Amino acid sequence: MLGAIHTIEVVNEMKFLHNVKLGYVVYDSCADTTKALHSVQHLLSINGSLPILDDYSEFRPEAKVILGERYSLLSIPIAKLLSVYLFPQISTKSSADKLSDRLRHPSFFRVIPSDVHQTEALAQLIYHFGWNWVGLVSNDEDYGRGAHQSFLKHAAGAGVCVAYEEVIPHYLEHEQSEQRIKEVARRIQQSDAKVVMVILRLHQVKLLFEEMIRINTSRVWIASDSWSRSTLLIGMQDIDKVGDIIGLNFITGKIPGFEHYLYNITVKPGVRNDLIEEYQHIIGCSGSSPRPCSFPIPDGPGWLFGERVAIWAIAHALRDLLRCDDTSCPGETNFPPYKLVEKLRKVNFTLDDDKEEYKYFSEDGDFEEGYDVLLWDSGAARTIGKFNVHTKQVNIFSSSDIVWNVGPNNTKPSSQCSESCKPGYFKKASKVFCCYTCLPCSEGKFSSEYDADECRACQNGTWSLIGQSKCEARRESYLKWSEPYPIALLVAVGIGLLFLLICFVCFIVKRHALIIKASNLLMSCFMMFGLAVSFGSVVLFMDKPSRPLCQAQQALYGLGLTLCVSCILVKAFRTFLAFMAFDPVRRDRLSKLYKPVVIMVLLTSVQGFICLFWLIFDSPGVDPTPPSNQSMVHVLQCSEGSKIGFGVMHGYIALLALVCFLLAFKGRRVPHDFNETGVIIFSILIHLFVWLCFIPIYITKNESRPIVQASAILVSNYGIIFCLLVPKCYRAIFGRNTAEKIRKRLRNFTDLPPSVEPSPLAIGEGEDNRSASMTFGPRPFPDSTDSGIINGSISHWGRMSSIWETGTSASISTNGGMTNRIHMCARPESL
């Protein structure tokens with residue numbers, strides 16, 4: 001009815017067509033294909049049967065064009081029939097892609113896009129909302145099967161996977177039809193896919209929704225054009241319980257005057273029209289009703305706007321065919337239908353309400369305008385976006401305005417085979433490309449977006465750890481001045497240097513004290529200088545490493561500690577000679593080697609040559625080892641350069657320390673008051689223990705190696721200071737060593753009562769005691785084969801310290817009358 005109304009309106013507006021007898025048909029209500037074909041035959045023939053002609057080029061039926069059909073199921077066989085006569089057919093709803101075949105249907109036209117575009121638009125719509133795991137339900141007919149396969153193709157191209165595929169028979173008489181719908185409903189209920197693509201006829205969708213409401217299951221339903229605007233479904237009871245319905249439909253528009261026509265439509269007296277009465281009941285008003293309308297008038301069904309466009313296309317084709325102007329149409333009105341087909345292919349026009357958008361048929365006889373994106377909301381299907389056929393893009397007007405019923409807290413529901421991979425991870429696809437495992441990006445790679453197919457490598461020297469979403473520059477790490485541990489090291493260095501300064505001042509001020517004289521002031525000063533140099537090397541471990549800094553820290557440490565150990569070795573050697581009474585001959589030979597300054601310079605020079613060759617051929621520098629892949633911190637530290645040079649330098653110091661230890665160990669039986677063997681042994685053991693602990697850290701290349709080496713230097717230096725220097729300073733300042741105490745300790749050492757007493761004057765306190773004599777009871781020297789009473793007399797007892805200091809000989813008489821000359825090359829520590 002509505003198609004006829006609009007045809008009449010167009011013809012009436014185009015006065016120049018008054019001589020044209022235009023035939024049309026609208027057969028949306030045809031129940032099956034046979035009835036539709038009979039209707040077409042009636043239009044093409046006079047008596048209800050098609051004429052049989054040898055040449056159909058002169059076939060001139062009264063009807064010139066057919067408007068219809070709505071369903072592709074009916075349009076396809078009719079298009080085959082009409083194509084034999086090249087009779088034009090224009091459909092407003094049939095979207096099957098088969099109808100775009102120009103070889104089989106050369107005279108078929110439609111004012112909507114083909115299903116090829118619709119299934120692509122549906123796939124893009126699903127992808128736009130981030131869903132990649134959907135179910136597919138279609139009907140078993142030409143239209144359904146074609147749309148089914150087309151959707152599968154475009155879904156795969158859009159990255160959307162189909163969790164299941166279900167097909168429902170289209171004919172209601174099928175005895176298993178309702179049972180099949182229940183099976184499909186249970187499959188939808190059991191599947192984890194929250195989105196369902198439905199390509200069914202209207203009554204099938206209604207049955208499916210009734211079953212979903214019964215089993216209380218909601219999903220997101222994707223509607224095809226066949227039911228996306230159905231008022232029958234929108235008005236279903238409890239339709240909101242099925243979930244959210246979103247779909248596509250053909251682009252529509254307003255029809256000028258249509259609203260006024262609907263408001264004022266009337267029924268003649270005595271005539272019954274149930275359709276008009278039902279419509280007036282819906283909108284709540286009528287043309288004769290005194291009360292205003294309480295319900296807004298819709299734009300009309302989508303197919304109605306399509307019919308308006310189709311009629312205007314026919315009108316423009318006829319105008320061109322009949323060569324019409326503003327007053328007349330001189331062309332032949334009884335034209336063969338194929339001529340109108342030619343003109344329809346060339347139409348290009350605009351509607352009154354849109355002067356910018358041109359309407360025309362493509363080469364396949366389709367309009368390619370796009371689709372409206374619809375969302376069912378509050379009992380109506382409202383437009384929320386568009387799909388552009390040419391750009392293949394979905395444009396949603398305002399996503400924030402969409403209120404979802406299925407998603408939690410009215411948020412967009414999720415329907416994915418696998419959880420989305422967050423930035424820092426990438427997808428490892430399985431057999432189904434939508435199902436994947438999220439794996440973290442490895443070191444040096446990153447992904448900054450969700451669901452990345454692969455990780456990208458870091459550029460420009462940046463780096464990333466496992467599972468990071470961006471690359472960053474590595475942070476350089478070294479001993480900075482402002483950090484806690486370097487501050488602690490500097491404080492320790494400062495305290496150590498302060499102790500050295502105090503000891504040096506004490507040794508200079510108390511240089512005449514016997515305890516200081518006995519310690520060999522010169523060697524002690526050189527030892528303190530070596531310790532100061534060693535402390536200075538610790539300072540060089542701070543700040544950002546550089547090649548000169550790395551060279552200086554190792555060289556200063558090696559030379560300073562070597563100088564200190566060399567001085568200790570001189571002390572140990574002197575003590576060893578002074579109390580080596582068991583072998584006088586060897587003692588006399590070794591005493592000729594006792595040259596303190598020469599020994600110190602020689603031993604230190606050897607270390608200097610080792611460091612020189614090390615620095616020349618393969619010196620220390622900044623460690624070139626690249627940072628660890630598992631760390632964002634680049635630890636900058638000095639490398640040892642040549643491992644041989646590094647090992648020889650430390651090995652040489654260890655060798656000197658070992659010799660010191662052995663010499664001091666040999667003199668361990670001498671009373672503590674007369675030598676430094678005990679403190680030398682203890683300080684050397686501390687030194688060796690500290691550096692033995694450093695070896696495994698050095699071998700494993702621990703990142704804290706500079707800290708450990710600096711700490712080892714400090715501990716070693718403090719061990720020497722508190723063992724060899726601080727006690728002497730204390731005793732030089734607060735201790736009083738008298739001759740009486742010395743005699744008593746000597747008697748204890750010999751275990752013999754004295755027969756001759758020395759002068760009662762104190763020794764070493766400034767008096768000039770020129771002579772003294774002592775007689776010792778019978779006791780052999782340690783490790784000596786001589787026996788008997790040792791009668792000793794020592795002249796110039798007051799000059800004992802200078803004798804021990806310079807090596808001047810003193811005479812001791814034994815019971816055998818034998819005189820032994822003992823070179824006193826070492827001083828007792830207590831003196």
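The following paragraphs describe two sheets, the helices that pack on them, and one buried aspartate in a predicted model.

The smaller description concerns an open sheet of 3 strands, ordered β1-β2-β3 with parallel pairing. Its edges are formed by β1 (66-67) and β3 (108-110); each has a single partner strand, so one side of each lacks a neighbour in the sheet. Between β1 and β2 (residues 89-91) there are 2 bridges in the parallel sense, and leucine 67 stands opposite isoleucine 90 of β2. Helix α3, residues 72-84, lies across β1, β2 and β3 and runs at about 160° to β2.

A second open sheet has 8 strands in the order β5-β4-β6-β7-β8-β11-β12-β13, and its pairing is mixed. Here β5 (161-169) and β13 (393-396) are the edge strands, each with a single partner, so one side of each is left without a neighbour in the sheet. On average, neighbouring strands are turned by 25° against each other, direction ignored. Strand β4 (residues 133-140) pairs with β5 in the parallel sense over 8 bridges, and aspartate 140 has proline 169 in β5 as its bridge partner. Helix α5 (residues 142-157) lies across β4, β5 and β6 (195-199), at about 160° to β4. Helix α6 (residues 177-190) also packs on the sheet, where it touches β4, β5, β6 and β7 (219-223), and its direction makes about 165° with that of β5.

Aspartate 115 belongs to helix α4 (residues 115-128). Aspartate 115 is buried yet has no salt bridge: the nearest side chain of opposite charge, arginine 110, is 6.3 Å away, whereas a salt bridge requires a separation within 4 Å. The side chain of aspartate 115 does make a polar contact of 2.4 Å with that of glutamine 118. Beyond four places in sequence, aspartate 115 touches residues including Tyr143, Ser150 and Asp225.

Notes
Residues are numbered from 1 along each chain as its sequence is written. This is a predicted model: local features need pLDDT of at least 70, side-chain atom pairs count only at pLDDT 80 or more; totals for chains, interfaces and linings use all residues. Side-chain values use heavy atoms; hydrogens and water are left out. Helices (H or I, at least four residues) and strands (E, at least two) are DSSP runs, numbered from the N terminus. Buried means under 20% relative accessible area, exposed over 50%, partly exposed in between (1.4 Å probe, protein chains only). Lys and Arg count as positive and Asp and Glu as negative; His and the chain ends are not counted. A polar contact is a pair of N or O atoms within 3.5 Å; within protein, one must be able to donate a hydrogen and the other to accept it, and residues adjacent in sequence count only if both atoms are side-chain atoms. Contact means heavy atoms within 4.5 Å. Two strands pair if DSSP finds at least two bridges between them. Axes are lines fitted to C-alpha atoms, for helices over the stretch in contact, and angles run from 0 to 180 degrees between N-to-C directions.
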